[in-house]
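Student: Can you walk me through this one? I would like to go part by part.

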2 protein chains.
Amino acid sequence: MPDYKAPLRDMRFLMDEVFDYPATYAAIGAVDATPDLVGAILEEGAKFCEQVLAPLNRSGDEEGAVWKDGEVTTPKGFKEAFAQYVEGGWNGLASDPAYGGQGLPSSLAMAIGEMVAAANTSWGMYPGLTHGAMSAIHAHGSEEQKQTYLTKLTEGRWTGTMCLTEPHCGTDLGIIKTRAVPQADGSYAVSGTKIFISAGEHDMSENIVHLVLAKLPDAPAGTKGISLFIVPKFNVGADGEVAERNGVSCGSIEHKMGIKASATCVMNFDSAKGFLIGELNKGLNCMFTMMNHARLGTGMQGLCNGEASYQGALRYANDRLQMRSLTGPKAPDKPADPIIVHPDVRRMLLTMKSLNEGCRALGYFTAQLLDIAHRSPDEEKREEAEGLLAFLTPICKAFMTEAGLEATSLGMQVFGGHGYIREWGMEQLMRDARIAPIYEGTNGIQALDLLGRKVLGSQGKLLRGFSKRVHKLCEANAEHGKFKAQVAQLAKLNQQWGEMVQQIGMAAMKNPDEVGAASVDFLMFSGYVVLAHFWLQMALVAEQKLAEGSSEKAFYESKLMTCEFYFKRILPRTAAHQLALAAGSDCMMQMTPEHFAV
Amino acid sequence: MPDYKAPLRDMRFLMDEVFDYPATYAAIGAVDATPDLVGAILEEGAKFCEQVLAPLNRSGDEEGAVWKDGEVTTPKGFKEAFAQYVEGGWNGLASDPAYGGQGLPSSLAMAIGEMVAAANTSWGMYPGLTHGAMSAIHAHGSEEQKQTYLTKLTEGRWTGTMCLTEPHCGTDLGIIKTRAVPQADGSYAVSGTKIFISAGEHDMSENIVHLVLAKLPDAPAGTKGISLFIVPKFNVGADGEVAERNGVSCGSIEHKMGIKASATCVMNFDSAKGFLIGELNKGLNCMFTMMNHARLGTGMQGLCNGEASYQGALRYANDRLQMRSLTGPKAPDKPADPIIVHPDVRRMLLTMKSLNEGCRALGYFTAQLLDIAHRSPDEEKREEAEGLLAFLTPICKAFMTEAGLEATSLGMQVFGGHGYIREWGMEQLMRDARIAPIYEGTNGIQALDLLGRKVLGSQGKLLRGFSKRVHKLCEANAEHGKFKAQVAQLAKLNQQWGEMVQQIGMAAMKNPDEVGAASVDFLMFSGYVVLAHFWLQMALVAEQKLAEGSSEKAFYESKLMTCEFYFKRILPRTAAHQLALAAGSDCMMQMTPEHFAV
């Protein structure tokens, strides 16, 4: 399988040189997070991911999670790795010190999360879901709930889940059937079936804290009648430790295309004791507060799988000897040239590299926004960050997961027939990557969220919040000696972006289906423009460093060259999306079911 | 899993109404292949595929082929299905009557092959490889070899393989290491290891006839020293039946992403008795004579997986209730609307449908060319068909397999989370589809073959052979009341196609890497234009039928609407490919290995 090597230099390039994390950390009062400490943490994290998690990735895929009589066994080594993770203090890295966390910035935790998911996506699901539950309890739980559950979750002795989906509904949560009946003691009896519950049951922790969406018997119809409940696997005794088993059990686990070591559970709630968290009938709002975080995390999965695939493909392209370069032998002493000499192999590698690094820039910028939005003392900055977050989050989730799927598929292709063989580990990366465009809100739903709710819903304001930044960057570099052409290309797309929204907005006033018809192409167009913006920003920094005579010549030159490739060979995809979405909805909506069927 | 229903109406539309197979069948002397007989054969074939093969598809994936002590057991039911296939006379449908075949047109066999691979891709590999071996022996074998091997292969008592790849080479066959040492009796002792040998070992037939590429000890270096040998699993006795075991054995089988029921074997040849087929050192030429056929077959796999996925996704989109249409409830009596009301779900379904049906048209046109090229008494027609075949074959192989991968991924996406679960069968289709862009020459190799060998190698003549047809179609319909806009769109792309080739040709004279840098984008551009041509042709026929008052109104309307969708929402992808390839090779070739690595 492809050995994973954490791309620390690339990560630090973004954190320190492009986005100036240190300034943000100082501004939000994360005084402990000095560059030195951050560096030490990243290196330790890299060691753990490379040496402990990565070696369990292939075996985890082969073994899978196993269900038997309601219990789930994770693959060999998973439990021990989790103990080591907890022991190392990784779980509470960015959590509230009031409940045992270390209070470091969440952008730093996300960088650790990148390495975790790139080394072993399935394993990363267990702490990942736990962090989701922790955020919800931190934002909406009572002080007692925080003391009872959050402290244990932060400590890593207990893990968490999010229970939303039911057999008949995923996107459409308004029609959930799980019921919560109020009890005399103030608790609720929760009954129903939830599916696709990641980490719903496993052998890695003492207790599992489920956050469950359910409706009271007399709740209003639709999404306005949904409440959120804490339902622990084991009830908690007066001493704060696990007591008797609660009425919740794992009925089975799914057999899936990928992330096989992540247990995807059917959870049965049978008059399980639950506790309301947050306000009654405001359960969906409670969920949404953690959506930005979770969706960025899912977007990062795309990058992680793409990065691991790139590393494998690059190694293979340098090793595999096959055919001669058309411009003459490059390794005349060998029976053939390494395939990296062939232009089409380079096209594939550079497509992966330019998408990966562009996505990483988008992800790291967004993570910085999360820190600012949550912790900046400056209200104006918080608001600005919130606006950008609202706009960028669906792009992170959908664009980065599409890019990850493409990158992992290209990585297989570089390997030729060997890419299709399990032993090499390349096909696992594609299977693992394939879930990301689906879960945490399908990419179609993200696209509707972006275009409908965010962009049109704000009368274009949220788009302008970002495109103003693009405009400024272009304006400042319009006459740049090296990047003039790229700046002009980006400035033009930026302008078209706004015009496009106006056109869709006008059309949508007459016909609401125009939004759904344009949404995915709009999201993809947006993603390519956003990445172009960040590529230009990275190239400007790299150019500056080279001008200053940096000793890391190859590193910065590589940024310039990859930027050039992105603008020349990837960014033109925007043209196809523009033309497609301009075609409108009629050519889709005119068909009856009968027309589809024949 | 998605039930497969053979799309007989669509197939007949192409065979009878668009491409006039009956006229071709008459011209090539296939007098038995009357429309009535063809109809009966297709219906029987559909029954076999729907009722016998399709039910074994999921179980075949779960069980996989199993290797033990050199023997391979195929999944439950595979052997019996093969016996039924042979019994039904399907194996020799298009084979030479002189050796026991039925002599029907190979385009008809390909239509049967479509249903086989759509119902069960893995199972279809066993007869598929056999047909490859049969073609080679028919074209290059001696009369004695034909009597000995071809008759048994045609009968279906024996099966065949193609042994090309070795651990260190796939594309680069010039460096194979398998050796064939001449023996006193005129045979050869063949020794070496071949990998990725589909159907190399299994339990479905009495004997397996391997066609093996190997080199004589004193052979010229490179591809000019490769010869082709027949190496049977069991030697053949004087009575023509199997005798003692030959020195060939299956060392193991691969564990793969998909087509798990197809045994992909490591074959060890240890002084195995082999017989030269064709001329010495001309082995690669012998292989190439059957490439057109095999590559069309692989292209068809893309369509087959895409078609099966479309059928599943359409059924789900009609059944699954989720959210309300933005233009108001469409199923007010139900808790939510079926998801087919949502524009983005339609976008996905129509992308699948327009790619599938466009690819089928390309495949059926190409199959017709094969019949003409092999069997037409008119030399001019044969030559014209050969030229078109040379041009279209790499497009069939590469474009149709890319389209198949996209379609199967979209089919999963329509299912949301359920698409990722094995039980539903949608993810298997994507896993099965993923091999097709790799094997039978990677799509990168196909693209080089198209642009380098075929188009530039013929000074543009082979492109003109097709684009002249596009030009004529556009010219004849330039003022068409309904399709004027589409005709103009296609005519413009057709012109740009030629200009593009001139530009690449000019650039390639200075730098041969320009071909490799442009090739995949050129192939994809070509594929979209070719499909547009066929979509226009199909729409013209449908329009005509509607004008004549056909009773199949929905069928023909659907063709018009899908054509409209294709031109409006898929064909614009050409813009991205045009721009990308115009960027040239510098932005890829300037990087050193060091730049890739950081």
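Tutor: We can start with how the model was made and then take its parts in turn.

Student: OK, what do I need to know before reading any values?

Tutor: This is a predicted model, where local features need pLDDT of at least 70, side-chain atom pairs count only at pLDDT 80 or more, and totals for chains, interfaces and linings use all residues. Residues are numbered from 1 along each chain as its sequence is written, chains are lettered from A and ligands numbered from 1 in the order in which they are written, and side-chain values use heavy atoms, with hydrogens and water left out.

Student: Which domains is chain A divided into?

Tutor: Domain 1 covers 8-288, domain 2 covers 290-441 and domain 3 covers 458-589. The bounds come from an automatic or database domain assignment.

Student: How many residues do domain 1 and domain 3 of chain A each put into their contact?

Tutor: Domain 1 of chain A gives 7 residues and domain 3 of chain A gives 9, where contact means heavy atoms within 4.5 Å. The centres of these two domains, taken over C-alpha atoms, are 35 Å apart.

Student: And what area do those two domains bury?

Tutor: About 720 Å² lies buried between domain 1 and domain 3 of chain A, with 66% of it on carbon and sulfur atoms. Buried area is the accessible area (1.4 Å probe) that two parts lose on being put together, summed over both. On the domain 1 side, A:Arg9, A:Phe13 and A:Glu17 supply 61% of the area buried against domain 3 of chain A, more than any other three residues.

Student: What does A:Arg9 form with A:Glu552?

Tutor: A:Arg9 makes a salt bridge with A:Glu552, and their closest N and O atoms are 2.7 Å apart. A salt bridge here is a side-chain nitrogen of Lys or Arg within 4 Å of a carboxyl oxygen of Asp or Glu. Between domain 1 and domain 3 of chain A the count is 2 salt bridges.

Student: Switching to the two chains, how is chain A laid on chain B?

Tutor: A turn of 180° with a shift of 0.0 Å along the axis lays chain A on chain B with an RMSD of 0.0 Å. The two copies are therefore related as by a two-fold rotation axis. The superposition is by least squares on the C-alpha atoms of residues with pLDDT of at least 70 in both.

Student: How many residues from each chain are in the contact?

Tutor: Chain A gives 97 residues and chain B gives 97 residues. The area buried between chain A and chain B is about 8,400 Å², and carbon and sulfur atoms give 63% of it. In chain A, the residues that lose the most area to chain B are A:Tyr420, A:Arg569 and A:Phe596, together 11% of what that side buries.

Student: Any charged pairs there?

Tutor: The interface of chain A and chain B has 2 salt bridges. The side chains of B:Arg569 and A:Asp521 meet in a salt bridge, at 2.8 Å from N to O.

Student: Which helix of chain A gives the most to that side?

Tutor: Helix H18 (residues 553-570) of chain A does, with 10 residues. Helices (H or I, at least four residues) and strands (E, at least two) are DSSP runs, numbered from the N terminus.

Student: Pick a residue in that helix. What does A:Glu557 touch?

Tutor: A:Glu557, which is found in helix H18 of chain A, touches A:Leu546 and B:His595, not counting residues up to four places away in sequence. A:Glu557 and A:Thr178 are 379 residues apart in sequence and 56 Å apart in space, C-alpha to C-alpha.

Student: Last one: how many salt bridges does the structure hold over all chains?

Tutor: The total over all chains is 65 salt bridges.
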